[in-house]
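Let's take a walk through this model together. Have a look at the picture first, and then we'll go through it piece by piece.

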Amino acid sequence: MKKYFALFLIAGVSCTNAAKEDRKIRIIPQPVSVVQTGGHLRLDTGSAVNYWTDPSILTAVKVFTDEMKDGLHLSPGEHKSSDIEIIMKDGYGAEGYLVEVERRKVIVSASSPKGAFYGLQSLRQMILFSERKGNKILIPCCKIEDYPEYEWRGLMLDEARHFFGIEKVKQLLDMMALHKLNVFHWHLTDASGWRIEIKKYPLLATVGGKGAHKDPDGPVKFYTTEQIKEIVAYAAERFITIVPEIDMPGHAAAANRAYPEFSGGGSEAYPEFTFHPAKEGTYAYLTDILREISELFPASDIHLGGDEVYFGNQQWATDRQVQSLMKKMNLSDLKAVEKYFINRMADSVKSLQRKMVGWDEIVDSEVDHENAIVMWWRHDKPEQLKKAFENKYNVILCPRIPLYFDFVQHESHKWGRRWRGAFANIEKVYAFPPDTLPGFNEFHDQILGIQANVWTETIADDRRLDFMIYPRISALSEAAWTNAGNKNYEDFLERLKFMLLFYKEKGIYYFNPFEPGSSPEAKGI
Ligand code: TNX
């Protein structure tokens, strides 16, 4: 922190008592254009937000005013003289906005409620990170034009290996919204646990939900359908889409504990790892599950996994029914069986009027590119990214390095993954995506966006979860939102210092990249 910033707290909001010369505007992710016009606006605890011009933005305003409650007491409603005015009009795109801070008021203009919400989130950061005098907040007059670089700005949380629960997920959604991240990919099923209630197959949750990674005898933990609805609604109020993942045909051991009749067996290291690819009943069962999923999640996409099937498909080779399926369908090897399975389930997803998302293995299964989105995760296989592009898939970039947040972020960290020594420090996250990725320029239109994945084999509690997500989430947001030409790591770090204060205020145990020693590594397993 530069020395002229003395920190203090007002009504629960961290801010800076900055010196006169501090007229900076600090927003993460950095907007497209910020022009300061001189002078400042004073807001105080009685400031009002005027939204009567358009009731469609009611949710966006409500979330904003609730968020500001700790600091400013902004009251939504029809006020004669409004301090913050929101205007809906054409020309700002699906997610863009214009914020104009004048001496007497702020005007947020947008073409969609989502854009208005993002304008308010920028304003929220300006309020949090601006100079204060008593109960007055001085916001520099300015004009901010903004829209995102990528439409898919995702974060994935694996709650199958370890379960964190509603409150932690809501906090994560809050923090995603603050950073204008808009897709929460929820990894709800894996070998260690099945975390979502399915009415037609209740044992999935009550039997499959038992235990956690390395703790098979741990308590049963899952989300009820009511809880799922609550979280989906909470996300929607923050303009976040939740894309659920039901992993198949591998990573299915938890489901197979509940309904062993659909197991396709496993390997020594990965017992009961797969669904059975040759039983008609498997497809009916999984389609029923996806139907319930589609009723719970309004997202246009459902993630089917499709990764690492070879970890545990050995028994397919000797299974009598798989053998006869191979003969009948002329499938020459187990890769062909996997392809058959994925395409059957892709058809199910299509019949539910949804698009499938899958890990980059699905490229080899040649699912219809019109109905599938590929997540490129194997950073050691750039050729798979190229292949996805060449086969016309829309792609989300989430390579392990630097976007797997179960990888360590500092040389000194002991728990968590590395790849031949390499890890995922904040600078690499920030610099992503490099234009040297294969096909990056040629196929740029097929890149929907970027996503970080928080796998939790080594993350067993909230403290470590925080430590792995923060502050990399801030770097992720700028990587996803801000155009490459507008990114500047040094400047980001200056803004990040303020964001760290906000994390602290929220009780988040973040890693401090400025002083690694001040934030000892949270223990993993
Ligand atoms: C690979 S990413 C996996 C996950 C693990 C992760 C650990 C992917 C599609 N599969 O099952 O949790 O590595 O980093």
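Two helices, α6 (253–258) and α9 (334–351), each give at least two residues to the lining of the largest pocket. Of these, α6 makes the largest contribution, with three residues. Keep in mind as you look around that this is a predicted model.

So what does the pocket itself look like? Its volume is about 820 Å³, and 37 residues line it. If you want to find the middle, look for Arg161, His251, Tyr270, Glu308 and Phe311, which are the lining residues nearest the centre of the pocket. Sort the lining by class and you get 17 charged residues, 14 nonpolar ones and six polar ones.

Now step back and take in the whole chain. You'll be able to pick out 15 helices and 24 strands in it. The radius of gyration is 24 Å, close to the 24 Å that the globule rule gives for 525 residues, so the chain is as compact as a globular protein of that length. Along the principal axes, its C-alpha atoms fill a box of roughly 80 × 50 × 45 Å.

How much of the chain is buried? Out of 525 residues, 61% count as buried. The contacts tell you about the chain too: take those between residues at least 6 apart in sequence, and 70% of them join residues at least 24 apart.

Last comes the outside. The accessible surface of the chain adds up to about 20500 Å², and carbon and sulfur atoms account for 50% of that.

Note on methods:
Residues are numbered from 1 along each chain as its sequence is written. This is a predicted model: local features need pLDDT of at least 70, side-chain atom pairs count only at pLDDT 80 or more; totals for chains, interfaces and linings use all residues. Side-chain values use heavy atoms; hydrogens and water are left out. On a 1 Å grid over the protein atoms alone, a cavity is a set of points where a 1.4 Å probe fits but cannot get out, and a pocket is an open set with protein on both sides within 12 Å along at least five of seven lines; lining residues have an atom within 4 Å of a point. Grid points are joined across faces, edges and corners, and a volume is the space filled by probe spheres set on the points. Helices (H or I, at least four residues) and strands (E, at least two) are DSSP runs, numbered from the N terminus. Ala, Val, Leu, Ile, Met, Phe, Trp, Tyr, Cys and Pro count as nonpolar, Asp, Glu, Lys and Arg as charged, and the others, Gly among them, as polar. The radius of gyration is taken over C-alpha atoms; the globule rule is 2.2 Å times the number of residues to the power 0.38. Buried means under 20% relative accessible area, exposed over 50%, partly exposed in between (1.4 Å probe, protein chains only). Contact means heavy atoms within 4.5 Å. Accessible areas come from the Shrake-Rupley method with a 1.4 Å probe; for residues, only the protein chains shown count as cover.
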